[in-house]
Amino acid sequence: MSVRFKSAERVDPRDLTLPKKFYAQIINGDDVTFDELADLISKVSNLNYGEVLGALGTLIEIIEMQLRHGRQVHLSTMGTFFLTLRSEGKVTGEEMTSDQITGARIRFRPGKRLKKMIKTLDFEKVSSVNGNGHAA
């Protein structure tokens with residue numbers, strides 16, 4: 001199976017005065033829902049659908065709990081979830097308080113298995129795409 005893409009004309013965000021160029025833009029297929037993931041896992045494992053739902057639900061709760069404690073969550077070769085912060089800049093470290101934190105983000109750093117998968121992708125250019133993401 002190939003990753004489908006189209007050609008999209010864009011400006012260079014680093015220099016808006018340059019002429020537009022064409023870049024590859026992924027064509028995402030349908031989303032995979034939580035229930036679909038659970039169903040697929042149950043079909044390829046010895047766990048029933050309810051057990052998979054329970055395990056995945058618990059995994060999400062545990063990841064959230066650990067992130068709230070400032071911990072990184074390593075999921076084997078899949079990758080790592082971690083938090084980053086946005087804050088106002090201050091001249092001295094003493095001036096930095098929790099009041100200067102303007103937000104947090106959850107990040108994901110892929111592990112060895114996903115990095116390996118990325119290196120082996122095949123790509124297929126699609127000339128036109130209809131509204132639901134399928135090739136016309």
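**Two sheets, a few salt bridges and a loop**

Hi everyone, let's start in a loop: Gly-89 sits between strand E4 (79-87) and strand E5 (101-110). Before I go on, please keep in mind that this is a predicted model. Is Gly-89 buried or exposed? Its relative accessibility is 71%, so Gly-89 counts as exposed. Now look across to Gln-100. Gly-89 and Gln-100 are 11 residues apart along the chain, and their C-alpha atoms are separated by 7.9 Å.

Beside Gly-89 in the numbering you'll find a charged pair. The side chains of Lys-90 and Glu-88 meet in a salt bridge, at 3.9 Å from N to O. Lys-90 is partly exposed, with a relative accessible area of 35%, and Glu-88 is also partly exposed, at 39%.

Let's move on to the sheet that these two strands belong to. It is an open sheet of three strands in the order E3-E4-E5, and the pairing is antiparallel. Which strands are at the edges? They are strand E3 (73-75) and E5, each of which pairs on one side only. From one strand to the next, the twist averages 25°. E3 and E4 are joined by three bridges, and in one example His-74 has Thr-80 in E4 as its bridge partner. Helix H2 (residues 49-68) packs on this sheet and touches E3, E4 and E5. The direction of H2 makes about 145° with that of E3.

Stay with helix H2 for a moment, please. Arg-68 forms a salt bridge with Glu-64, and the closest N and O atoms are 3.5 Å apart. How many residues apart are they in the helix? They are four residues apart, so about one helical turn separates Arg-68 and Glu-64. Arg-68 is exposed, with a relative accessible area of 70%, while Glu-64 is partly exposed at 42%.

Now for the other sheet. This one is also open, with three strands in the order E2-E1-E6, and its pairing is mixed. Why is one side of E2 and of strand E6 (123-125) left without a neighbour in the sheet? Both stand at the edges, and each has a single partner strand. On average, neighbouring strands here are turned by 40° against each other, direction ignored.

What does "mixed" look like in practice? Strand E1 (residues 3-10) pairs with E2 in the antiparallel sense over six bridges, and there Arg-10 stands opposite Lys-21. With E6, E1 pairs in the parallel sense over three bridges, and Val-3 stands opposite Phe-123. As a reminder, strands of a sheet pair through backbone hydrogen bonds, either parallel or antiparallel.

How many of the six residues in strand E2 (residues 21-26) are buried? The count is zero, so to speak of E2 as hardly covered is fair.

After E2 comes a loop that leads to helix H1 (34-44), and Val-32 is in that loop. Val-32 is exposed, with a relative accessible area of 52%. Together with Leu-37, Leu-40 and Ile-41, Val-32 forms a nonpolar patch on the surface, and the accessible area of the four is about 330 Å².

One last pair before I stop. The whole structure has four salt bridges, and one of them joins the side chains of Asp-12 and Arg-14, at 3.2 Å from N to O. The two partners differ in cover: Asp-12 counts as buried at 12% relative accessibility, whereas Arg-14 counts as exposed at 75%. Thanks for listening!

Definitions and conventions:
Residues numbered from 1 in each chain as written. Predicted model: local features only at pLDDT ≥ 70, side-chain atom pairs only at ≥ 80, totals over all residues. Heavy atoms only, no water. Buried < 20%, exposed > 50% of the residue type's maximum accessible area, 1.4 Å probe, protein only. Pairing = 2+ DSSP bridges. Patch = residues over 30% accessible without salt bridge, like charges linked within 9 Å, V, L, I, M, F, W, Y side chains within 5 Å. Areas by Shrake-Rupley, 256 points an atom, 1.4 Å probe, with all protein chains shown as cover. Axes fitted to C-alpha atoms, helices over the stretch in contact; angles between N-to-C directions. Contact = heavy atoms within 4.5 Å.
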